[in-house]
Amino acid sequence: MKEEDILAIQKLLETPKKIVIIPHRSPDGDAMGSSLALYHFLLKLNHQPTVIAPNDFPNFLAWLPSSEKVLIYENDRISTTKIILEAELVFTLDFNALHRTGEMEQVLNKLFVPMIMIDHHQKPDDYATFTYSNTAFGSTCEMIYNFISFLTKMELIDKTIATCIYTGIVTDSGSFRFPSTTSATHRVVANLIDIGIENSKIHTTLFDNNSYNCLQLLGRALQNMKVLPEFKTAYISLSQSELDKFHYEKGDTEGIVNYGLTIKGVVFAAIFIEHREENIIKISFRSQGNFDVNQFAREHFNGGGHINAAGGKSYLSLAETIKKFESLISKITI
C-alpha cells in the first residue's frame with residue numbers, strides 16, 4: 001500500500017467506529033478467514049465491527065472463531081441493510097467488484113463513507129477509497145497479515161487472529177501447492193505457528209471431516225468426468241437431481257474441480273453444477289501453466305478470478321452450457 005494511504009487509514013482507526021466487513025457472495029475459506037481475522041483485530045482496537053456475508057457460508061467453516069456472529073444478508077435484508085447504512089467505515093475483502101456481493105451491491109452503492117478494499121484478484125474496480133490490491137498474493141488472508149503489519153500492530157495478532165489467517169492461506173493455496181505460494185507465504189505461516197495455531201488440527205477440520213453423502217457425491221462427480229485429451233481438458237457436471245440424491249449441502253463440491261488437473265496431460269479443468277433454485281449453472285475453472293481461466297471466464301461465462309483459478313455462471317441449461325463449453329475449447333489453443 002502507498003504510505004499516504006496507510007497513514008490515512010491509521011488516522012481513521014484512531015477513534016472507535018462502527019465498521020462493516022463484507023466478503024464476497026458464497027464465501028470460501030479465504031473470504032471468511034480474512035473477514036474474521038480483521039473482525040478480531042478491529043475488536044482489539046475498540047471498534048464495533050460487524051461481518052455481513054451476502055449469503056451463507058459452508059458448514060466446514062462454521063468452527064472459525066466468532067463465525068456464529070456473522071450476519072447473513074439474504075436471511076435478514078432489513079436489519080443488515082440498516083447496519084450497512086449506519087457504518088462509518090466499510091472493508092470489502094477477497095473481491096474487487098461490488099457485483100460479487102449479489103443483491104448487496106445496491107445497498108453498497110448508496111454509501112458515502114470510506115471503503116477499504118483488500119483483495120488479490122485481477123482488474124479491480126475503482127469503488128474503494130483505499131485499495132490494497134495485489135495479484136501476486138495467493139490469498140487475501142496473507143494480505144490481511146501484511147495489512148496489520150503496515151499499521152504496526154503485529155503484537156495484536158493472537159492465536160485467534162492467526163487461526164483465521166492460516167485458514168484462508170491453506171485453503172486458497174491448495175494446501176500450499178499452488179504456484180502463488182511463495183517463500184514469504186511460508187514465513188508468514190511459520191510466524192502463525194509460533195503464535196500458537198494448531199495447524200494440523202485446522203487442516204483436519206477443513207479437509208478430513210466429510211460426510212458419507214459428500215463422498216458419495218464426489219464418486220458421482222468422478223463418474224461424470226469427461227476427458228478431452230485433444231484439448232488437454234477435463235470437465236465434470238452435476239445436475240440438480242444428482243445433488244438432491246446425495247443430500248447436497250453447501251461446500252460439498254468444494255475442490256472437486258481440481259481432480260481433473262490430476263490427469264496426465266490435462267491443463268484445463270472445469271465443473272458445471274446445476275442450481276435450479278437460482279436458475280443458473282455455477283462453474284469453476286482451474287488450469288496449470290499459462291492458460292488464463294480468468295480471461296476465459298470473463299469473456300464467456302460472466303465470471304473471473306485468477307489466471308489459474310476462476311469462476312463463472314451460465315443462464316443456459318446444463319446441457320446447453322456444456323455444449324457451449326465444448327464448442328469454445330475446440331476453437332482455442334490450450
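The protein in this model exposes about 15500 Å², and carbon and sulfur atoms supply 49% of that area. Please keep in mind as you look around that this is a predicted model.

**The overall build**

Let us start with the whole chain. The protein has 12 helices and 12 strands. Its radius of gyration is 20 Å, close to the 20 Å that the globule rule gives for 334 residues, so the protein is as compact as a globular protein of that length. If you draw a box along the principal axes, the C-alpha atoms fill roughly 60 × 40 × 40 Å.

How many of the residues count as buried? Of the 334 residues, 51% do. Contacts also reach across the sequence: among those with a separation of 6 or more, 65% join residues 24 or more positions apart. As for charge, the protein carries 31 positive and 38 negative charges, and the mean positions of the two groups are 3 Å apart.

**The nonpolar cores**

In soluble globular proteins, nonpolar side chains tend to be buried together. Here the largest nonpolar core has 51 residues. Leu-38, Phe-41, Leu-42, Phe-91, Ile-118, Ile-165 and Leu-192 are the residues with the most contacts inside that core. Apart from it lies another core, of 19 residues, including Ile-281, Phe-285, Phe-291 and Ala-310.

Which residues does Phe-41 touch, leaving aside those up to four places away in sequence? Its partners are Ile-148, Leu-151, Lys-153, Leu-156 and Ile-161.

**A closer look at helix α2**

Ala-31 is a good residue to find next, and it lies in helix α2. With a relative accessible area of 0%, Ala-31 is buried, because anything under 20% counts as such. Not counting residues up to four places away in sequence, Ala-31 touches Pro-23, His-24 and Asp-94.

Just past this helix, Asn-46 sits in the loop between α2 (29-44) and β2 (48-53). Asn-46 is not a glycine, yet it has a positive phi of about 70 degrees. Its relative accessible area is 57%, so Asn-46 is exposed.

Ser-66 makes a nice companion to look at, in the loop between β2 and β3 (71-72). Ser-66, also not a glycine, has a positive phi of about 70 degrees. Is Ser-66 buried or exposed? At 13% relative accessibility, Ser-66 counts as buried.

**Distances across the fold**

Two further residues help you find your way. Lys-2 lies in the segment before α1 (3-12), and at 54% relative accessibility Lys-2 counts as exposed. Ile-78 belongs to helix α3, which spans residues 77-85. Although isoleucine is among the residue types that can join a nonpolar core, Ile-78 is exposed, with a relative accessible area of 73%.

The table lists three pairs of residues, with their separation along the chain and the distance between their C-alpha atoms.

| Pair | Separation along the chain | C-alpha distance |
|---|---|---|
| Lys-2 and Phe-150 | 148 residues | 9.9 Å |
| Ile-78 and Leu-261 | 183 residues | 43 Å |
| Ala-31 and Phe-95 | 64 residues | 8.5 Å |

Try tracing these pairs in the viewer. Lys-2 and Phe-150 have C-alpha atoms separated by 9.9 Å, with their places 148 residues apart along the chain. For Ile-78 and Leu-261, the C-alpha atoms are separated by 43 Å. From Ala-31 in helix α2, the C-alpha atom of Phe-95 is 8.5 Å away.

Key: Residues numbered from 1 in each chain as written. Predicted model: local features only at pLDDT ≥ 70, side-chain atom pairs only at ≥ 80, totals over all residues. Heavy atoms only, no water. Core = buried A, V, L, I, M, F, W, Y, C linked by side-chain atoms within 4.5 Å. Buried < 20%, exposed > 50% of the residue type's maximum accessible area, 1.4 Å probe, protein only. Contact = heavy atoms within 4.5 Å. Helix = DSSP H or I, 4+ residues; strand = E, 2+ residues; numbered from the N terminus. Rg over C-alpha atoms; globule rule 2.2 N^0.38 Å. Areas by Shrake-Rupley, 256 points an atom, 1.4 Å probe, with all protein chains shown as cover. Lys, Arg positive; Asp, Glu negative; His and termini not counted. Charge placed at Lys NZ, Arg CZ, Asp CG, Glu CD.
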